[in-house]
Amino acid sequence: MNRLVILSLGQGNLYEGFPVVTAYIGEADNLYRMKFSASLPAAPKIPELYHSWKLLYSAFSHRPFLRVGVKEIDEMDDSFETVEAGVTNISEVEMKDLCEQLNNCLNLWLNSVELRKIEQQLRTHLKPSEEIRFIIETNDNLLRRLPWHLWSFFDDYPLAEVALSTSEYQPPHKFRKTKKAKIRILAIFGNSHEIDISQDRFFLEKLSTGAEIQFLVEPKLDELNNQLWQRGWDILFFAGHSCYSQEKGCLQLNHKSIITLDQLKYGLKQAISHGLRLAIFNSCDGLGLAQQLQELHIPQVIVMREPVPNVIAQEFLKHFLAEFSQGQSLYTAVRSARERLQGLEEEYPCATWLPVICQNPAEPPMVWDAECQSTYAYKIDSLVPRTVKRNLLDRHRFVGAAKRRLSTLLLASVLVATSIMGVRYLGILQPWELHSYDYLMHLRPANEKPDPRLLIVTIDEADIQYQIQKQMNMRWSLSDQALTQLLQKLEQHQPATIGIDIYRDFPVDPKYPELGEVLQQDKRIFTVCKVSAPDDGTPNGIPPPSKVPRERISFSDSLADADGVLRRQLLQLTPPLESPCAAEYSLGFQLAQHYLNAKGIKWQINQEKSLQIGNTVFPRLRSHTSGYQRVDASGYQILLNYRSLPSPLNIAQKVSLKEILNDEIIPELLHKSVKNHIVLIGVTASSSPDDWETPYTAYAPDKEKQIPGVFLQAQMVSHILSTVLNHRPQIWSWSGGFEALWVWGWSLLGGMISWGILQPLHIGLAIVIALLILFSLCFGIFTQAGWIPLVPSALALVSCAVVLKILAPTYASNSKKRWNSRI
């Protein structure tokens with residue numbers, strides 16, 4: 001697949017940084033499919049290193065072998081004087097060291113934390129096997145001269161090549177293009193004083209079997225202008241002296257004339273309008289020339305960034321033409337030819353830095369084979385008698401009508417499906433899809449049992465009053481005295497893990513020092529804190545308990561959707577630096593992994609960057625996953641597959657604080673419930689609300705509309721344990737492409753119903769039956785934990801049926817007119 005990446009640097013410079021850097025990821029048919037934003041810090045050392053490198057490069061470049069013009073030769077003499085005055089004992093070691101410094105500094109800048117979000121998204125959505133056009137969008141002259149291909153990112157993408165673009169661009173005005181049998185090349189050979197451009201002509205002449213080439217040797221301005229006004233040039237080629245002077249590119253056409261492209265502006269615009277797609281300047285310092293041509297909206301230009309030795313220019317042209325003319329893409333051919341110059345860098349340092357593509361992103365890259373299509377055509381003058389023509393039309397009448405109907409049906413179904421998937425991608429259908437998800441969750445048979453590995457110790461209003469009656473020092477819903485007694489009693493029965501789902505942002509009561517020792521030393525106890533999150537009412541967060549080591553502190557943050565329902569499970573996040581809670585892992589994950597560690601089951605992040613516990617992989621929720629569209633998928637999120645029970649409150653056995661402290665439970669039963677179990681301690685009292693809505697809320701009794709947070713934590717722990725130990729399925733979904741195909745299939749079915757059935761009542765009945773079948777399929781797959789598109793498919797089915805029912809009378813009328821006109 002051919003992918004396109006545009007990295008727009010926006011406003012800024014290397015001295016002040018770039019506050020808004022935007023990356024667009026697209027394809028040939030959708031240039032801006034995805035968009036991500038980040039920033040880049042200031043890097044004042046890069047301009048300093050570049051200017052030092054340029055001085056050394058000028059010193060290494062021998063003037064007799066450079067393709068520069070007279071003006072630039074004079075300027076280079078000045079540069080040599082500067083080099084001789086400021087740099088002495090120039091050696092290849094110094095040049096190599098400076099190149100390495102520039103390389104390191106450039107990578108340090110591009111791999112900065114500020115840009116990491118974009119890099120991570122690029123690595124997520126791009127594959128090393130894909131051909132990638134990577135366009136740097138900027139008007140900054142210094143940035144355009146940097147060797148962007150040195151970024152370590154490109155080492156992992158062998159089919160990617162960098163191009164440059166201006167910040168503003170648009171498609172050129174085009175006249176109707178005439179297909180040609182061969183590529184048409186206008187080759188200009190300028191003044192060749194002290195350089196050898198005969199090899200350039202030799203390489204071009206080798207293309208004569210597949211290209212029509214017009215050579216102009218040291219032409220006059222009017223001669224070149226006249227050729228540009230001729231129609232049909234595909235490629236413009238120049239070899240000779242060129243330079244960059246007063247912010248404009250200059251060409252030395254002959255030993256007398258040095259021109260700028262402004263003097264050919266109208267001829268170039270005419271050539272571009274009639275199909276000129278690529279300009280190649282195999283000469284020195286061509287970025288100025290490229291910029292002037294980009295202002296005329298030419299699709300592509302290939303130039304050399306700096307002064308170029310003869311050998312390098314010839315070798316690049318030879319390899320590029322060989323690759324490009326054999327059907328390789330423009331970008332692949334440039335990268336291949338550029339990298340083959342590495343063998344000459346011992347004598348000509350930084351040769352691979354010189355060639356660069358300047359691209360108009362509004363235009364696709366030129367493809368040699370696509371331009372070489374034959375234009376041969378023929379006509380048959382119809383002398384068939386009218387009666388014979390009528391018989392022939394009668395014979396093919398029904399076949400033609402069927403084909404047209406089929407074409408209309410396919411086109412309408414594709415358009416409807418595409419429109420609905422586009423609306424879905426924008427997140428407009430998300431509320432409906434989430435409500436349908438809840439309904440399917442509610443309909444699942446409640447045939448699972450409570451998780452036998454868990455025990456929930458609840459603290460309700462009665463437990464709070466019990467502590468008050470016992471004159472315990474209440475600083476929250478659970479006093480230090482009660483917690484100390486609870487932990488002592490639980491310890492007698494040897495629990496596997498204990499999770500305290502209660503905030504304790506205060507020091508331990510000095511009267512109970514043993515509590516601080518237990519919290520600090522018992523590796524089975526995990527506590528919670530709250531990460532700073534302005535969106536959920538706690539912008540400052542809640543600190544963790546004192547005495548508890550950091551590795552046993554978890555966050556209690558959960559992710560509710562816009563409608564308040566919790567459907568996602570957050571396993572890991574990166575807390576803000578200013579957050580008092582620095583926990584990276586959730587309580588549910590910490591309890592589950594501690595329990596599994598005791599069984600010898602470890603977790604890791606595998607090669608696909610996914611969480612793997614033992615042999616079980618937990619795929620990360622993406623921003624576009626089934627009904628979730630454009631959702632914030634930061635951190636490591638998964639879909640929470642609630643245990644299918646009569647009520648979410650039945651997730652595990654539960655006992656009250658008072659029952660344990662007063663020894664109201666038979667010791668044998670308590671021992672059986674605690675030993676080697678995960679014990680969760682949490683508040684269920686209404687005076688300390690920590691209640692959440694679940695997918696069952698809309699259909700639950702009033703008393704169960706919301707469930708306390710400790711039961712939610714139990715659901716999350718059970719989800720992980722059941723998946724790893726019992727192979728209970730996770731909620732899964734199809735890829736975006738397969739979902740689109742599924743929706744299109746139902747759109748096509750709706751169109752077939754509309755056109756295949758005449759009576760409106762029968763159409764309505766057929767659509768109802770189709771919707772029931774769709775719902776049954778979606779529900780059947782959901783019972784196997786599969787979440788596939790229900791709402792988009794239903795909309796596509798109904799919409800396409802309506803659209804084609806509206807089109808049917810118009811189509812019939814037009815078909816009749818078309819038929820009559822042909823006889």
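How many nonpolar, polar and charged residues does the lining of the largest cavity have? The structure examined here is a predicted model, and its enclosed spaces make a good place to begin.

Six cavities of 30 Å³ or more are found in the structure. The largest cavity has a volume of about 60 Å³. Its lining consists of Ile 188, Leu 224, Leu 228, Leu 236, Phe 237, Phe 238, Leu 251, Leu 261, Leu 264, Leu 268 and Phe 281. Two elements, helix H7 (221–228) and strand S8 (235–239), give two or more residues each to this lining. The largest share comes from S8, with three residues. Sorted by class, the lining of the largest cavity has eleven nonpolar residues, no polar residues and no charged residues, which settles the opening question.

The pockets offer another view. The second largest pocket has a volume of about 650 Å³. Its lining is made up of 23 residues, and those nearest the centre of the pocket are Leu 150, Gln 342, Glu 345, Thr 352 and Trp 353. Several elements take part: helix H3 (92–110), strand S5 (160–165) and helix H11 (330–339) each supply at least two of the lining residues. H3 gives the most to the lining of this pocket, with six residues. By class, nine residues of the lining are nonpolar, four are polar and ten are charged. For a reader following along in the structure, the five residues around the centre, Trp 353 and Glu 345 among them, are handy landmarks for finding this pocket.

Farther along the chain comes a sheet. Three strands form an open sheet in the order S21-S22-S23, and their pairing is antiparallel. Strand S21 (603–605) and strand S23 (616–618) stand at the edges; each has a single partner strand, so one side of each is left without a neighbour in the sheet. From one strand to the next, the twist averages 25°. Three bridges join S21 to strand S22 (residues 611–613), and these two strands run antiparallel. Within this pairing, Ile 605 has Leu 611 of S22 as its bridge partner. A helix also meets the sheet: H21 (residues 709–725) packs on it and touches S22 and S23. The direction of H21 makes about 145° with that of S23.

Notes:
Residues numbered from 1 in each chain as written. Predicted model: local features only at pLDDT ≥ 70, side-chain atom pairs only at ≥ 80, totals over all residues. Heavy atoms only, no water. Pairing = 2+ DSSP bridges. Helix = DSSP H or I, 4+ residues; strand = E, 2+ residues; numbered from the N terminus. Axes fitted to C-alpha atoms, helices over the stretch in contact; angles between N-to-C directions. Contact = heavy atoms within 4.5 Å. 1 Å grid on protein atoms, 1.4 Å probe; cavity = no way out; pocket = protein on both sides within 12 Å on 5 of 7 lines; lining within 4 Å. Points joined across faces, edges and corners; volume = space filled by probe spheres on them. Nonpolar A, V, L, I, M, F, W, Y, C, P; charged D, E, K, R; others polar.
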